[in-house]
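Here are a few exercises to work through with the model open beside you. Try each task before reading its solution.

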Amino acid sequence: MAPDPWFSTYDSTCQIAQEIAEKIQQRNQYERKGEKAPKLTVTIRALLQNLKEKIALLKDLLLRAVSTHQITQLEGDRRQNLLDDLVTRERLLLASFKNEGAEPDLIRSSLMSEEAKRGAPNPWLFEEPEETRGLGFDEIRQQQQKIIQEQDAGLDALSSIISRQKQMGQEIGNELDEQNEIIDDLANLVENTDEKLRTETRRVNMVDRKSASCDMESKIFHHFVDILAGITSYLEGKQKRVLLKG
């Protein structure tokens with residue numbers, strides 16, 4: 001298995017920090033004797049610049065690993081704690097180089113005492129979750145990728161369900177449109193039928209009125225005939241009476 005580039009860079013950075021501490025201690029020993037050590041000063045300055053660049057590279061590698069999900073969030077936090085310790089060590093070494101801080105051999109004890117006072121946990125002592133316990137870096141990354149793939153599959157399934165529901169909604173909308181068209185056709189048919197019924201009703205009423213008028217004329221005619229018959233009968237009877245008297 002290929003070594004993790006972050007940890008290989010971290011190890012080399014720690015070695016540079018250790019070398020700087022030793023060089024500063026040597027320079028201070030020369031200065032206490034009243035001797036100058038310009039070569040050591042130049043070397044320390046170059047090493048400090050190299051340390052700064054290495055720390056910047058570690059920050060970039062860590063950000064890239066976390067953003068691309070190459071490592072878990074717990075692993076990212078652990079590496080960030082290691083990086084924070086390196087930044088603190090760089091600041092102390094720089095202060096010691098400028099004769100503004102403690103001696104290099106006191107830096108480690110100072111850091112340990114400060115952590116003890118703050119009760120800061122050792123990042124290596126975090127309890128590893130059961131899912132990643134005993135797994136290597138590549139295996140953890142594969143597990144992380146598998147989790148992401150499962151999440152993507154779940155999102156795809158959810159998207160498919162939403163699409164089906166949208167399609168069902170469109171089909172229901174189309175069905176409602178067709179039902180509305182049928183209702184409109186029925187309304188027009190009822191309206192036409194109602195108009196025809198009103199027309200036929202008017203015709204029936206006219207026929208009824210004509211029939212009633214014919215019945216009245218027939219009754220008047222028969223009544224007139226009866227009157228004529230009565231008059232004729234009266235005249236005939238009167239004529240007979242006149243003849244008998246003559």
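**Exercise 1: a linked set of charges**

Asp 4, Glu 75, Arg 78 and Arg 79 are joined in a network of salt bridges. Bear in mind that this is a predicted model.

Task: Take the pair Arg 79 and Asp 4, and work out which parts of the chain the pair links.

Solution. Start with the contact itself: the side chains of Arg 79 and Asp 4 form a salt bridge, 2.6 Å from N to O. Next, place the partners: Arg 79 belongs to helix H3, while Asp 4 sits in the segment before helix H1 (5-32). They are 75 residues apart, so this pair ties together distant parts of the chain.

Now ask whether each partner is buried or exposed. The cut-off for buried is under 20% relative accessible area. Arg 79 has 2% relative accessibility, so it counts as buried. Asp 4 has 15%, so it counts as buried as well.

**Exercise 2: bridges within one helix**

Task: Find how many residues separate Asp 60 from Arg 64, and do likewise for Arg 198 and Glu 195.

Solution. Take Asp 60 and Arg 64 to begin with. Both lie in helix H2, four residues apart, which is about one turn of the helix. Their closest N and O atoms are 2.3 Å apart, in a salt bridge. Asp 60 is partly exposed because its relative accessibility is 36%, and Arg 64 is partly exposed because its value is 46%.

Then go to Arg 198 and Glu 195. Both are in helix H5, three residues apart, again about one turn. This salt bridge has its closest N and O atoms 2.5 Å apart. Arg 198 is partly exposed at 39% relative accessible area, and Glu 195 is partly exposed at 37%.

What makes such spacings handy? An α-helix has 3.6 residues a turn, so residues three or four places apart point the same way.

To finish, put the bridges in context: the count for the model comes to six salt bridges.

**Exercise 3: helix H3 and its flanks**

Task: Check the span of H3 against the expected value, then look at what comes before and after the helix.

Solution. Count first: H3 has 25 residues. From its first C-alpha to its last it reaches 36 Å, close to the 36 Å expected at 1.5 Å a residue. Its buried residues include Glu 75, Arg 78, Leu 82, Leu 86 and Phe 97.

Now step back along the chain. His 69 lies in the loop between helix H2 (38-67) and helix H3 (73-97). Its phi is near 60°, a positive value in a residue other than glycine. His 69 is partly exposed, because its relative accessibility is 40%. On the other side, just after H3, Asn 99 also has a positive phi, of about 60°.

**Exercise 4: surface and overall layout**

Task: Which residues form the negative surface patch, and where is Asp 185 placed?

Solution. The patch is made up of Glu 175, Asp 177, Glu 178, Glu 181, Asp 184 and Asp 185. Asp 185 is found in helix H5 (residues 137-245). With 52% relative accessibility, it counts as exposed, since the cut-off for exposed is over 50%.

Last, zoom out. The protein has five helices and zero strands, and its elements run α-α-α-α-α from the N terminus on. Of its 246 residues, 18% count as buried.

How values were computed:
Residues numbered from 1 in each chain as written. Predicted model: local features only at pLDDT ≥ 70, side-chain atom pairs only at ≥ 80, totals over all residues. Heavy atoms only, no water. Patch = residues over 30% accessible without salt bridge, like charges linked within 9 Å, V, L, I, M, F, W, Y side chains within 5 Å. Areas by Shrake-Rupley, 256 points an atom, 1.4 Å probe, with all protein chains shown as cover. Salt bridge = Lys/Arg side-chain N within 4 Å of Asp/Glu carboxyl O. Lys, Arg positive; Asp, Glu negative; His and termini not counted. Charge placed at Lys NZ, Arg CZ, Asp CG, Glu CD. Helix = DSSP H or I, 4+ residues; strand = E, 2+ residues; numbered from the N terminus. Buried < 20%, exposed > 50% of the residue type's maximum accessible area, 1.4 Å probe, protein only. Expected span 1.5 Å × (residues − 1).
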